[in-house]
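Please open the structure in your viewer and keep the selection panel at hand. The stops below are taken one after another, and at each you are told what to select.

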Amino acid sequence: MTFSTAEDKHMNFIDADNARVSSIHFRVKNSGSRSTQMNPSEAQIPLTTGAKLQTLNYIVSIKLGGNEVTVIADTGSDLTWVQCQPCSSCYNQQDPIFNPNDQSNCNYSLSYGDGSYTSGVLGWEQIDLAGTIIDGFVFGCGLSNQGLFGGASGLMGLGRTYLSLISQTMLQFGGIFSYCLPPTEYDSSGSLVLGGDPSIFKNTTPVSYTRMIMDSPESPFYFLNLTGISIGSVALDASEFYNGKVIIDSGTVITRLAPSMYKALRAEFLRQFSEYPAAPRFSILDTCFNLTGFREVSIPIMKFVFEGGVEVDVDVNGVFYYVKEDASQVCLALASLTYENEIGIIGNYQQKKFESGL
């Protein structure tokens, strides 16, 4: 997909992200493998931004049926799928289109909130996850696929239901995984870790744990309890977090908060960032600044607090979304939901540079 201007590209990304959030809320409201290796193990797969493939999501490369495929890692989806030959309607991708060995007569069809879709048949192949070999992995062989997948071959489903990669590799990795998103577009330091050995994380700080809120078994999403947010040294009013249930999602870009929660965060951020001139809003991003001409910018530390007192500092690269590269329009990378009863979502912009284990 090509864009006439950089602003058109960013608007397209934001519109798609907004549609994904609407789809997630709809799915929450309406929700209700064979292997050659039996011993628990760990696998670490490099994870990078999808910037070079024209997507704001994160990508990994794995081997499927002996062929390398590059797929979007998505914690809000179940079925792993790739575009397959003979493809009746396929978008342009970086890798050669996959030629499957084994297919079934079972059709599948998936649509996403931004209008993207994939349909085809289920297949099974050997999958290689950083050296861990699994036979009979069930995946979608996409024969008609269109949408905002950039140049990726397809999508890796890391959700909670039975067809996801996490469920299909339960014997190998125990249903445990974590990921670390690199802080900048062309940084290759990220990783997707399958398995529960904390020594593989190489953390410089101790690992902290917060309770995962269980939801409908039909829901692919991972829920946490957000109990507080602080800007600089100022903690927001705790009364705004009476319903702090949020989804942590690698496929959503911009974090969405309940209107009252976002209003309090925005007001405090503006108070602490008042020396910098305002810029026009951009789509759902209503708190923007013109930072041209400033050699140094003092950005308040943003901190999320989860159940159990677990504190997470948002990386400085996850605070602002640069609409214009010359910094004349730089926006706070969070947005308000429409209604108080909608579930908040922690997007990937605010997950940069910390290890999320699920």
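**Two annotated aspartates and their surroundings**

Begin by selecting Asp249, which lies in the loop between β13 (245-248) and β14 (255-257) of this predicted model. Asp249 has a relative accessibility of 0% and therefore counts as buried, the cut-off for that word being under 20%. Leaving aside neighbours within four places in sequence, Asp249 is in contact with residues including Arg20, Asp74, Thr75 and Gln351, and a polar contact of 3.2 Å joins its side chain to that of Thr75.

Next select Asp74, which is found in strand β3 (residues 67-74) and is likewise buried, with a relative accessible area of 2%. A polar atom of the Asp74 side chain lies 2.9 Å from the backbone nitrogen of Gly76.

Now show Asp74 and Asp249 together, since the unreviewed UniProt entry places the feature "active site" at both. Although they are spread over 176 residues of sequence, they cluster in space, with a largest C-alpha distance of 7.5 Å.

Move on to Ser144 in strand β7 (residues 132-146), which is buried at 16% relative accessibility and, outside its neighbours within four places in sequence, touches Ser88, Ser89, Tyr117, Thr118 and Ser119.

Finally, select the four strands of an open antiparallel sheet, ordered β15-β16-β20-β19. β15 (278-279) and β19 (320-322) stand at the edges with a single partner strand each, so one side of each has no neighbour in the sheet. β19 pairs with β20 (residues 330-332) over three antiparallel bridges, and here Tyr322 can be found opposite Val330 in β20.

Conventions:
Residues are numbered from 1 along each chain as its sequence is written. This is a predicted model: local features need pLDDT of at least 70, side-chain atom pairs count only at pLDDT 80 or more; totals for chains, interfaces and linings use all residues. Side-chain values use heavy atoms; hydrogens and water are left out. Helices (H or I, at least four residues) and strands (E, at least two) are DSSP runs, numbered from the N terminus. Buried means under 20% relative accessible area, exposed over 50%, partly exposed in between (1.4 Å probe, protein chains only). Contact means heavy atoms within 4.5 Å. Two strands pair if DSSP finds at least two bridges between them. UniProt positions are given in the numbering used here, feature names are shortened, and annotations may be inferred rather than shown by experiment. A polar contact is a pair of N or O atoms within 3.5 Å; within protein, one must be able to donate a hydrogen and the other to accept it, and residues adjacent in sequence count only if both atoms are side-chain atoms.
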